[in-house]
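Subject: Structure for your review

Hello,

Please find the structure below. My notes on it follow.

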Amino acid sequence: MTVEQALLTMVALLATTATALWGVIGVALRIAPWASLRLMAANLLLGLSVATALQRVHGASWLAWPVSDLLGLLAFVLAREAVQRLFRRPRSCRLDASVWCAAALVYAGLAPDASSSGPYTLLYSGCVALFAAGLAWDVWQAARAAFGTAAGATLAAPFALLTLLMALRGAAQLALPPEATPSDPQGLLWAFVALTLLLNVSLMVCVLARLLIVIRQRAERDPLTGLSNRRHFEQSLRREHARAGRSGEPYALVLLDLDHFKQVNDRHGHDGGDAALRHVARLMEAGLREFDSLGRLGGEEFALLLPATDAAGAQEVAERLRARLAAQALEHRGQRLPLSASFGIAIGRGGDTAELFRQADQALYAAKAGGRNRVVVAPD
């Protein structure tokens, strides 16, 4: 067996294995199915790209030259869409498709033979560098938000490396005359082996990262409202308590409880009650600062954590949220459901978080006893 035959066999195995693997992940295991199926298609396209490119040694051919490169570029377009779906990133489908179409127009003006190998190398390298840079950016943004800067840089590094290598390849081509880049089947095969391994290993790590994000969200989030659950909210409260202890700044804990929530369930069923809870969560979130925290403690009780906020500031926030909720009734199945809530506020200045919860709960009880739909601040 020649070196080229061995490499071709390796390429076929890699392409077949990667295509089958992503198919199993997406179809059989139902792990990020839409993203996985796109990655399966991307691997299939990469395999077809290298298979057709190997025919360049036989002379001029539209299939072996422009079509081959365009198949490879389309694989990157699908890979980027898969990553964006995976991490729920903003889509760039139109932009990527425009780049691909522009490349197709340029390829159409090139001779489909070795005389255009220089422009082919330059165009393909530039487009791959652009798509790889987009992949690096998407992975960096998503991973950094979920795991921190170090993890984001680590996950984005393979795509950034591919961007650099393709940019260097294109830059090197600029320094050479077009005819100085002969067709090299062995080099093409080695490049495809490395590219397939790099992309699939990196993308597999991205899928694992997404699974970790989902697992963590399910452990930390209330499934009905998407807010922090009690456990996660209390963790945030303890961190803020420790920070405030070091800085000396006060912070506020606000407990709120929906008024007459049992009547909502009795009149409109649990479906109406669930809709009411989601409605409250959306309104409360929209009225908070980026660094404030909102959680659902259970039932119809919610909690707000307001860092660097004194009693007057916390009362102002709570009054605004109370008025917002009272003014915006829930529309559910053609019916208008007016809602209101009572608020209890405690200011963290010392002691422990259990005592702070007790003070806020007493203030909430006072708001309920005082007629509901009002805000009460616990005395210092």
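Leaving aside neighbours within four places in sequence, which residues is Phe 159 in contact with? This is a predicted model, and in it Phe 159 is in contact with Ala 132, Leu 135, Ala 136, Val 139, Leu 199, Ser 202, Leu 203 and Cys 206, once those neighbours are set aside.

Phe 159 also belongs to the largest nonpolar core, which has 56 residues. The members that touch the most others are Leu 73, Phe 76, Phe 87, Tyr 107, Val 139 and Phe 159. Val 139 therefore appears twice in these notes: as one of those core members, and as a contact of Phe 159. At least two residues of this core come from each of helix H1 (3-28), helix H2 (33-53), helix H3 (63-87), helix H4 (93-108), helix H5 (117-147), helix H6 (149-174) and helix H7 (185-220). Another core, of 32 residues, lies apart from it, and includes Ala 281, Leu 339, Ala 341 and Ile 347.

One residue of helix H2 may be worth a look: Ala 53 is found in that helix. Ala 53 has a relative accessible area of 6%, under the 20% limit, so it counts as buried. From Ala 53 to Leu 63 there are 10 residues in sequence, and their C-alpha atoms are 8.0 Å apart in space.

The next item is a helix pair. Helix H9 (residues 261-286) and helix H10 (residues 311-327) have axes that come within 10 Å and cross at roughly 140°. H9 is therefore oblique to H10, as the angle does not pass the 145 degrees above which a pair counts as roughly antiparallel. The crossing of the two helices H9 and H10 is right-handed.

On the H9 side, the contact is made by His 279, Val 280, Leu 283, Met 284 and Ala 286. H10 contributes Leu 321, Arg 324 and Leu 325. Sorted by class, the contact of H9 with H10 has 6 nonpolar residues, 1 polar and 1 charged.

Leu 283, in helix H9, can be followed further. Is Leu 283 buried or exposed? Leu 283 is buried, with a relative accessible area of 9%. Not counting residues up to four places away in sequence, Leu 283 touches Leu 321, Arg 324, Leu 325 and Gln 328. Leu 283 and Leu 325 are 42 residues apart along the chain, and 6.8 Å separates their C-alpha atoms.

Regards

Technical notes:
Residues are numbered from 1 along each chain as its sequence is written. This is a predicted model: local features need pLDDT of at least 70, side-chain atom pairs count only at pLDDT 80 or more; totals for chains, interfaces and linings use all residues. Side-chain values use heavy atoms; hydrogens and water are left out. A nonpolar core is a set of buried Ala, Val, Leu, Ile, Met, Phe, Trp, Tyr and Cys residues joined through side-chain atoms within 4.5 Å. Buried means under 20% relative accessible area, exposed over 50%, partly exposed in between (1.4 Å probe, protein chains only). Helices (H or I, at least four residues) and strands (E, at least two) are DSSP runs, numbered from the N terminus. Contact means heavy atoms within 4.5 Å. Axes are lines fitted to C-alpha atoms, for helices over the stretch in contact, and angles run from 0 to 180 degrees between N-to-C directions. Angles under 35 degrees count as roughly parallel, over 145 as roughly antiparallel, 65 to 115 as roughly perpendicular and the rest as oblique. A crossing is left-handed if the near helix is turned anticlockwise from the far one by less than a right angle, and right-handed if clockwise. Ala, Val, Leu, Ile, Met, Phe, Trp, Tyr, Cys and Pro count as nonpolar, Asp, Glu, Lys and Arg as charged, and the others, Gly among them, as polar.
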